[in-house]
Amino acid sequence: MKCSLQVVLFLFCQLVWSQSKYASEFGYNENDATLAFTKALNSAYDTIIIDKQNKDWILSPTVISNIHHKVIMLESGVVLRAKKNAFKRKGDVLLKFLNCSHLQLFGYGASLVMNKEEYTDGEWRMTLSLINVNTISIKGLKFANSGGDGIYIDGWKKGDFSQNIIIEDIVSENHKRQGMSIISAQDVWVKNAIFKDTKGTLPEAGLDLEPDDPEDRMVNINFENCKFINNNHSGIVLGLNKLNSSSIPVSITFKNCYLSMNHIPENAYVAAEIVSAAAPKDPVKGRVIFDGLLVDGSDWGILYSRKISKAYKVIFKNSTAKNICKKQTMPPVYLEVPDYFASSGPLGGFEFDNLKVDYEGDLPFMKVRGSSLRTLKGVESIEGTVFTKFSYQQNIEYVKYNPNQNRNVSISFFLSKDN
């Protein structure tokens with residue numbers, strides 16, 4: 001017996017519809033919708049639609065555990081809003097996914113919003129936490145006003161990690177601690193995301209990649225067409241000093257990303273658009289690549305680093321920094337010894353492949369600072385091609401270092417008028 005195309009399509013639509021459900025049908029309550037929300041996500045339906053109501057979806061701290069193979073769709077205009085005075089514990093999270101897999105969370109025009117002004121203590125009240133998850137896709141959402149990080153990604157137990165995560169077309173703004181933190185993860189792609197206006201408690205960065213111990217990992221982490229703007233600390237922090245030579249080598253790529261006007265003078269941490277750190281001894285190996293980076297406007301420099309040459313290599317490829325160093329206190333690149341008291345090896349491990357810089361003043365392109373407390377024999381493995389606007393910027397300043405004992409240090413400077 002043959003079925004017409006119309007019948008086949010009808011039956012298919014009926015099957016899809018039978019597997020979907022509006023979350024409001026689980027008992028939406030305008031004063032506290034937590035129960036309806038959690039019942040919906042924990043139900044047997046494959047597709048849950050968070051449908052727009054006359055008021056926001058008010059949620060108490062919500063943990064969703066061990067759900068798999070679901071599509072969660074937030075209609076345009078939906079706001080998942082933290083219930084006032086309900087986040088008493090410092091670790092309360094608006095929405096946490098724990099031990100979940102194969103989830104799609106879509107919400108173009110929808111938001112997750114907390115009440116930042118309430119959270120006068122602590123730094124852990126995240127908007128969204130992904131803990132020990134696998135194969136998660138998040139698209140189109142706005143995350144705002146948390147008491148911690150907009151998005152937080154980690155494992156659960158020691159050695160665990162989250163993996164196969166796609167985050168796309170999102171905005172993360174006005175968070176207390178970071179726009180986004182990744183602690184332990186593998187195979188992460190973040191595309192077309194904006195991280196801005198982080199302020200409240202240190203560090204206050206747009207993005208912080210910061211493992212907690214050597215068993216954590218930072219493998220195949222990718223940011224593409226992302227913007228880091230007006231954060232109280234750096235736009236990007238590579239806080240990799242808890243990893244060591246026994247850790248899995250890091251592999252992190254930033255492609256066609258944009259940074260502007262990050263770090264305020266009142267922030268106690270070091271001033272730069274990008275901060276890079278590694279363990280003083282036996283640091284983690286690997287690579288961090290900035291390909292097509294654009295820094296447009298900054299009171300400070302591009303990079304501040306406390307990393308020895310044995311650590312992961314940092315590569316800037318086909319990148320541009322203009323209108324930078326406005327405060328005239330930090331050069332475009334500042335390298336500082338990671339330990340002033342103990343021997344830790346020479347600074348280095350950088351490549352500048354076609355880097356264009358444009359800034360006013362007489363600062364050198366790079367400053368390398370050592371320590372008067374111990375003998376330092378130069379730096380190593382710093383190479384590349386740099387285009388600058390003025391000839392007096394074609395130099396490297398050494399403080400408490402002997403450049404005569406440098407190894408594999410070769411930067412070619414050229415004048416450029418089209419920065």
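**Exercise 1.** Place S260 in its strand and decide: buried or exposed?

*Solution.* Step 1: S260 belongs to strand β24, residues 258-260. Strands here are DSSP runs of E, at least two residues, numbered from the N terminus. Step 2: S260 is buried, because its relative accessibility is 9%. Buried means under 20% relative accessible area, with a 1.4 Å probe and protein chains only.

The model is predicted: local features need pLDDT of at least 70, side-chain atom pairs need 80 or more, and totals for chains, interfaces and linings use all residues. Numbering starts from 1 along each chain as its sequence is written, and side-chain values use heavy atoms, without hydrogens or water.

**Exercise 2.** Find what surrounds S260.

*Solution.* Step 1: skip neighbours within four places in sequence. Step 2: list the contacts (heavy atoms within 4.5 Å). They are F228, I229, N230, E273, D296 and G297. Step 3: look at D296, whose backbone oxygen lies 2.8 Å from the side chain of S260.

**Exercise 3.** Sort the residues of strand β23 by face.

*Solution.* Step 1: recall that side chains alternate between the two faces of the sheet in a regular strand. Step 2: read β23, residues 250-255. V250, I252 and F254 form the covered face. S251, T253 and K255 form the uncovered one.

**Exercise 4.** Which strands are joined to β23, and by how many bridges?

*Solution.* Step 1: apply the pairing rule, at least two DSSP bridges between two strands. Step 2: β20 (residues 218-224) runs parallel to β23, with four bridges. E224 has K255 as its bridge partner. Step 3: β26 (residues 286-291) is also parallel to β23, with six bridges. There, G286 stands opposite V250.

Methods
Buried < 20%, exposed > 50% of the residue type's maximum accessible area, 1.4 Å probe, protein only. Polar contact = N/O pair within 3.5 Å; in protein donor to acceptor, adjacent residues only side chain to side chain.
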